[in-house]
Every structure is written in structure tokens, then in C-alpha cells.
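Me: Please take one part of this model and examine it closely. I should like its immediate partners described as well, and then its wider setting.

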Amino acid sequence: MAAPFPDDFLWGAATSAYQIEGSPLADGAGPSIWHRFAHTPGRVAGHDTGDLACDHYHRSLEDVALMAELGLSAYRFSLAWGRVLPEGRGAVNSRGLDFYERLVDALLEHGIQPMATLYHWDLPVALHERGGWLNPDSPHWFAEYAGTVFRALDDRVPLWITLNEPWVVTVPGYLDGQLAPGHRDLFEPPRVANHLLLAHAEAVAAYRALGRHRIGLAVNLEPQHPASPSPADLEAARRRDAFINRWFLDALVFGRYPEELADIFGPAWPEFSAESLAKIRCPGDFIGVNYYSRGLVRAAPEAPPLDAIRITPTDAELTAMDWEVYPEGLTETLLWLRDRYANPPLYITENGAAFDDPPPRDGLVEDPRRVAYLRAHIRAAATALEQGVDLRGYCVWSLLDNFEWAEGYSKRFGLYQVDPGDRTRRPKTSACFYREVIRSRGAAV
Ligand SMILES: CO[C@H](O)c1c[n+]2c([nH]1)[C@H](O)[C@@H](O)[C@H](O)[C@H]2CO
């Protein structure tokens with residue numbers, strides 16, 4: 001097929017600090033809420049923690065060499081806030097910053113554009129103990145951290161992401177308690193979400209004062225499709241669309257929350273002042289899109305406050321996460337962004353799949369299902385590009401098998417398998433496929 005991907009299209013892979021680095025307390029780093037959460041019995045499958053992870057903290061240059069072998073033109077990673085500011089504020093830990101400076105310099109030496117995420121869920125414990133994202137000062141804490149990192153790295157990092165998936169920080173973190181800090185409270189999520197949006201806006205303002213490149217935010221998006229044409233399921237899909245897809249983006253772009261949220265949260269939904277809403281209106285320079293699957297939704301009065309649940313289709317291919325393989329949903333999502341938010345610049349900042357990969361044979365791991373998943377989703381991205389979406393890059397989640405949050409190491413998304421014993425990296429056939437895609441500028445799909 002004729003490759004619609006422009007020559008300057010960025011082909012990347014994505015990771016995050018707590019999931020790959022290991023050594024969470026090394027060289028003066030302060031603990032994060034994920035360090036505490038993972039060490040809390042019962043929170044993570046297999047009692048796994050990020051203490052070693054992929055040992056990227058000691059193997060970063062080896063991993064950059066793998067990225068160069070793939071031919072990546074970009075690498076999306078996150079900085080651990082607690083490595084830079086062990087107490088979350090105040091004293092800077094130069095050894096923590098040094099690690100990220102070495103990583104960025106190595107990327108640039110290999111012609112790989114760094115795409116740095118400031119926050120990928122690992123809030124310093126010291127700030128959590130001051131209320132964390134519930135504290136109205138949290139946006140100022142974040143802006144201080146962001147400014148520290150911008151001053152150190154903006155001369156070498158051209159693409160910045162403030163927050164990874166504020167919805168996941170808010171809902172699994174504060175409503176259903178699946179992820180750190182594990183709160184289950186109807187009244188906390190609306191305030192946490194608003195503080196996250198204020199934090200994004202304050203970081204962008206700080207960036208405008210001293211940065212020279214581009215900054216945005218990465219959101220998890222999934223089209224919501226009713227499980228049946230019944231009015232109840234149609235209404236449930238609309239509510240879940242507001243709850244997942246529109247909550248943060250409408251706030252960022254329009255400076256208003258979807259009206260459904262007041263219905264969903266009821267008395268737990270605060271009155272936000274016009275001044276506060278004006279402050280959160282901050283679309284940035286691009287939107288990062290994390291896409292994995294769609295939501296098939298049925299009405300569920302037994303599941304407040306949404307009264308809607310995502311169901312697993314019985315007649316579709318599923319990944320190891322029980323997520324439906326649904327590449328057309330990526331095209332749908334990209335076209336929806338084009339139409340709803342006036343065709344903003346987009347990067348696919350995460351797309352990938354977990355499958356139960358076999359052991360390596362002759363140093364290579366056969367993962368045909370991941371090859372098929374990536375091929376179908378890159379094609380879906382191409383279809384959106386051909387329809388005028390301003391798509392500028394694609395990042396596979398993930399470069400390496402890594403710590404998959406509450407699933408521990410049981411769910412593997414990597415292009416490279418990481419040996420559970422000695423952390424040796426071994427390529428999967430999806431890495432070979434992706435290298436060919438990059439070499440052919442997308443024609444190989
Ligand atoms: C519904 O999936 C979310 O968009 C999502 C999926 N994922 C993510 N967000 C996170 O950003 C990553 O840290 C996860 O490792 C990755 C795989 O689970």
C-alpha cells in the first residue's frame with residue numbers, strides 16, 4: 001500500500017519510569033506512591049514490585065542501543081518525580097537529574113527524539129502525605145517540578161507531555177481503588193481531576209515562559225459502543241463516553257466539563273467557578289492519544305455511579321488483558337478528535353497489546369498476534385491520516401516487557417522480552433516487524 005506517512009512522521013516506542021527503571025530509591029531518590037502501593041500486600045499480582053523491573057536504571061544505554069537497532073525516530077519515557085525532587089518540592093537531587101540527562105544525550109547521539117512525560121502516576125510519597133492531588137497546592141508543586149526539569153532538559157527535549165492519562169490517575173486511583181493510591185471515594189475524583197488539569201495548565205504556563213518546543217497531555221481514549229440498540233444501552237454508552245473520553249479533553253479545549261458528569265457524580269460534583277474553569281482551558285500544542293481498544297457498553301443500574309459497564313465480547317479476539325482487538329476504533333477515535341476539537345496535532349503516544357508470548361527460540365520470541373495487532377493499528381492510523389487527521393507520530397506500548405501496574409509482570413506488552421531472571425532483553429518478531437515498518441516509512445504494513 002502507498003504509505004501515507006510523511007517523512008518526518010515519528011516512529012517511537014513508549015515506557016514509563018516506575019515500570020522499567022527499578023532502583024526506585026537509588027542515588028537519593030524519594031519513594032513514590034507506587035513504591036508504597038506495590039509493597040502493600042494484596043495490591044499487585046504475584047506480590048511483584050518495581051524494585052528491579054527491567055533494571056533500566058543500570059541498562060539505559062543498552063536499551064538506547066536496542067532503540068537504535070529498531071530505527072526509532074522517537075522514544076517516549078517518563079521521569080520519576082521523586083528522583084528529581086525526593087521530597088516532591090525543594091531540594092533537587094542532581095544524581096537523579098543526571099540519569100535523565102545521560103539518557104537524553106544517548107538518545108540524541110543516536111538521532112532519536114526524546115518525548116518526555118513529566119508524570120506517569122508516581123507521585124512522591126512526601127507529597128501524598130500532604131494530601132497529594134487532593135491538596136489545592138498540588139498544581140503549584142507540579143509546576144515547580146516541571147520548571148526544574150524544563151530548565152535542565154529543554155535544550156535537548158523537543159516534545160513534552162505533562163501528565164499521562166489523568167483519567168487513570170483519577171478513577172482507578174481515587175474512585176475504584178485499583179491503582180495507587182488505592183482510594184475508593186466518590187467525592188475525591190472530581191477534585192483530583194480538577195487539580196490535575198490545573199497542574200497541567202500551570203506547567204504549560206511555566207513552559208511558555210522558558211520552553212522553546214512543544215508540550216501537551218496524553219489521554220486514554222476508547223470509543224464507547226452500545227451492546228444493544230436499546231435506549232438504556234445507548235444512554236449508558238453516551239454516559240461512559242463523557243466519563244472517559246470527554247471529561248478531560250472538553251475541560252482542556254472548551255474550559256467546561258461535560259454536563260453528564262454532574263449527573264454521574266450527583267452531590268459529589270462540586271460547583272466549579274468560572275475563574276477555575278477558565279484556568280483549566282489549556283489545550284497545549286498537541287494531544288497524546290493512548291489507544292488500546294473500544295468499550296462495548298451495557299446499562300448497569302447495579303454499577304453506580306456510572307450505571308454502565310464495559311462488557312467483554314464473546315465473538316471477538318481478545319488480548320491477555322481481555323481487551324478486544326478493535327483497530328477500527330483507532331481510526332474512529334482519531335477522526336472524532338479531528339471533528340470535535342478542530343483537528344489538533346496528534347501523537348499516538350501508546351498503542352500495543354499484551355499476549356502470552358512463548359519462550360525464546362534461538363534468541364527470538366515468536367509473537368505473531370502482536371505483529372497482527374500492530375499491523376492492523378498502524379493501518380488504522382494510516383486511514384485516519386488519509387482523511388486529514390494531523391497525526392505526527394506513533395509510539396508502540398511498549399519497548400520492553402515491564403511492570404504492568406496491578407498485574408505485575410504477568411502481562412507483557414514489549415517488543416523485547418525481558419528475562420524474568422537476569423533481565424536479558426530478547427527481540428520478539430514484532431520488533432523485527434516494527435523495524436521494517438520504520439525502514440519503509442510505513443509501507444511495510
Ligand atoms: C485502557 O488502557 C489505557 O489506555 C492504558 C494502557 N496502558 C496505559 N494506559 C498506561 O499508560 C501504561 O503505563 C500501561 O502499561 C499501558 C498498558 O496497560
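Reply: A residue is called buried when its relative accessible area is under 20%, exposed when it is over 50%, and partly exposed in between, as computed with a 1.4 Å probe on the protein chains only. The structure is a predicted model, in which local features need pLDDT of at least 70 and side-chain atom pairs count only at pLDDT 80 or more, while totals for chains, interfaces and linings use all residues. Residues are numbered from 1 along each chain as its sequence is written, and side-chain values use heavy atoms, with hydrogens and water left out.

The part chosen is strand 7, which covers residues 286-290. Strands (E, at least two residues) and helices (H or I, at least four) are DSSP runs numbered from the N terminus. Strand 7 is mostly covered, since five of its five residues are buried. Its residues point to two sides: Phe286, Gly288 and Asn290 face one way, whereas Ile287 and Val289 face the other. Burial therefore applies to both sides of strand 7, because each of these residues falls in the buried class.

Strand 7 has two partners to consider, strands being paired if DSSP finds at least two bridges between them. One partner is strand 5 (residues 214-220), which runs parallel to strand 7 and is joined to it by five bridges. Within this pairing, Gly216 stands opposite Phe286, and Phe286 belongs to the set that shares a direction with Gly288 and Asn290. The other partner is strand 10 (residues 346-351), again parallel, with four bridges joining it to strand 7. Here Gly288 of strand 7 has Tyr347 of strand 10 as its bridge partner.

These pairings belong to a closed arrangement. Eight strands form a barrel in the order 1-2-3-4-5-7-10-11, with parallel pairing, and strand 7 is thus listed between strand 5 and strand 10. On average, neighbouring strands of this sheet are turned by 25 degrees against each other, direction ignored. For such angles, axes are lines fitted to C-alpha atoms (for helices, over the stretch in contact), and values run from 0 to 180 degrees between N-to-C directions.

Elsewhere in the barrel order, strand 2 (residues 74-78) and strand 3 (residues 113-119) run parallel and are joined by five bridges. Phe77 stands opposite Ala116 of strand 3 in this pair. Helix 5, residues 94-109, lies across strand 2 and strand 3 and runs at about 170 degrees to strand 2. Helix 8, residues 166-174, lies across strand 3, strand 4 (159-164) and strand 5, and runs at about 40 degrees to strand 5. Strand 5 thus appears both beneath the path of helix 8, which lies across it, and as a bridged partner of strand 7.

On the strand 10 side, attention passes to helix 14 (residues 368-386), in which Leu374 is found. Leu374 counts as buried because its relative accessibility is 0%. Contact means heavy atoms within 4.5 Å. Leaving aside residues up to four places away in sequence, Leu374 touches Asn351, Gly352, Tyr394, Val396, Leu415, Ser430 and Phe433. Asn351 is the residue that ends strand 10, and through it Leu374 of helix 14 is in contact with a partner of strand 7. Gly352 and Leu374 are 22 residues apart in sequence, yet their C-alpha atoms are 6.7 Å apart in space.

Three further strands, 6, 8 and 9, are not listed in the barrel order. Strand 6 (residues 224-226) pairs with strand 8 (residues 295-299) in the parallel sense over three bridges. Gln224 stands opposite Gly295 of strand 8 there. Strand 8 also pairs with strand 9 (308-311), this time in the antiparallel sense and over four bridges. Arg298 has Ile309 in strand 9 as its bridge partner.

In summary, strand 7 has five buried residues that point to two sides, five bridges to strand 5 and four bridges to strand 10, and a place in the eight-strand parallel barrel.
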